[in-house]
Amino acid sequence: SSIGLTFNPTSLVVNVNNGNVTGVNFTATAITYSISGAVTGAPNVTVTLTGPTNGSATTDANGGYSFSGLTNGPYTVTPTSLGNTFAPTSLAVTVSNENVANINFTATAITYGISGAVTGASNVTVTLTGPTSGTTTPDANGNFSFANLQNGSFTITPTAPGYTFSPTSTAVTVSNENVA
């Protein structure tokens, strides 16, 4: 008997009759467990496991992931995906003689903003086209902004009755930072 192992066979009956008995053999197999959970809010998230066993997995179509073949001990589970933050950022998990489930995370897209100003006109509408589209009206000083944008290529176009603009539109690329 040993903690963390199973034996096959579990026991043997041996008859000793005036001599040595050989071939009394057992096979030990480590008892292992699993850690599983899900990530919501983003597809194809890489989940990393560190501890007595290290590994990584990619979430399935439902956001699920699983690590199996784990021995008892302390582990850390950490999700990563470009363009996202996670709550929580990682979780400490202790495997202690049973599977551990519901180690869950929520992804939130990292977003940025585009801002600028329009001068010389009134009743202006500023239109944003690209991966996200929208319109806004500049404030009294001509300032406008668009928020919650992911990385990508956008076009900003101002319009107002009776006015022309220079430039007529502006191409803007959002790449991991706000654009002003």
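**Group meeting: the largest pocket and the sheets**

Strand 11 (112-117), strand 15 (152-159) and strand 16 (170-174) each give at least two residues to the lining of the largest pocket. Keep in mind that this is a predicted model.

Let me stay with the pocket. It holds about 280 Å³ of space. The lining has 16 residues, and the closest to the centre are Ala 117, Val 118, Phe 144, Pro 158 and Thr 170. Which strand gives the largest share of that lining? Strand 11 does, with 4 residues. Now the chemistry. By class, 11 of the lining residues are nonpolar and 5 are polar. Charged residues are absent from the lining.

Take Pro 158 from that central group. Pro 158 sits in strand 15. Is Pro 158 buried or exposed? Its relative accessible area is 15%, and the cut-off for buried is under 20%. So Pro 158 counts as buried. For a sense of distance, pair Pro 158 with Leu 91. They are 67 residues apart along the chain, and their C-alpha atoms are separated by 47 Å.

Next, Phe 144, also among the residues closest to the pocket centre. The model has 2 aromatic pairs by the rule used here. One of them joins Phe 144 and Phe 146. A ring pair is described by the distance of the centres and the angle of the planes. For Phe 144 and Phe 146, the centres are 6.1 Å apart and the planes stand at 65°. The cut-off for edge-to-face is over 60 degrees, so this pair is edge-to-face. Both Phe 144 and Phe 146 are buried.

Now the sheet that holds strands 15 and 16. It is an open sheet of 4 strands, ordered 13-12-15-16, with antiparallel pairing. Which strands stand at the edges? Strand 13 (134-136) and strand 16 do. Each has a single partner strand, so one side of each has no neighbour in the sheet. From one strand to the next, the twist averages 25°. Look at strands 15 and 16 in detail. They run antiparallel and are joined by 5 bridges. One place to check is Thr 155: its bridge partner in strand 16 is Ala 171. Recall that strands 15 and 16 each supply at least two residues of the pocket lining.

Over to another sheet. This one is open too, with 4 strands in the order 5-4-7-9 and antiparallel pairing. Its edges are strand 5 (55-58) and strand 9 (91-95), and each pairs on one side only. The twist here averages 25° from one strand to the next. How many bridges join strand 7 to strand 9? There are 5, and these two strands run antiparallel. Strand 7 covers residues 73-80. Thr 76 stands opposite Ala 92 in strand 9.

Last stop, strand 10, residues 105-109. Take its pairing with strand 3, residues 33-40. These two run parallel, with 2 bridges. Val 39 has Phe 105 in strand 10 as its bridge partner. Then take strand 8, residues 84-87, which runs antiparallel to strand 10. Here 4 bridges make the join. Asn 84 has Ala 109 in strand 10 as its bridge partner.

To close, back to the pocket. Its lining is 11 nonpolar and 5 polar residues, and strand 11 supplies the largest share.

Note on methods: Residues are numbered from 1 along each chain as its sequence is written. This is a predicted model: local features need pLDDT of at least 70, side-chain atom pairs count only at pLDDT 80 or more; totals for chains, interfaces and linings use all residues. Side-chain values use heavy atoms; hydrogens and water are left out. On a 1 Å grid over the protein atoms alone, a cavity is a set of points where a 1.4 Å probe fits but cannot get out, and a pocket is an open set with protein on both sides within 12 Å along at least five of seven lines; lining residues have an atom within 4 Å of a point. Grid points are joined across faces, edges and corners, and a volume is the space filled by probe spheres set on the points. Ala, Val, Leu, Ile, Met, Phe, Trp, Tyr, Cys and Pro count as nonpolar, Asp, Glu, Lys and Arg as charged, and the others, Gly among them, as polar. Two strands pair if DSSP finds at least two bridges between them. Axes are lines fitted to C-alpha atoms, for helices over the stretch in contact, and angles run from 0 to 180 degrees between N-to-C directions. Rings of Phe, Tyr and Trp (its six-membered ring) pair if their centres lie within 6.5 Å; planes under 30 degrees apart count as stacked, over 60 as edge-to-face and the rest as tilted. Buried means under 20% relative accessible area, exposed over 50%, partly exposed in between (1.4 Å probe, protein chains only).
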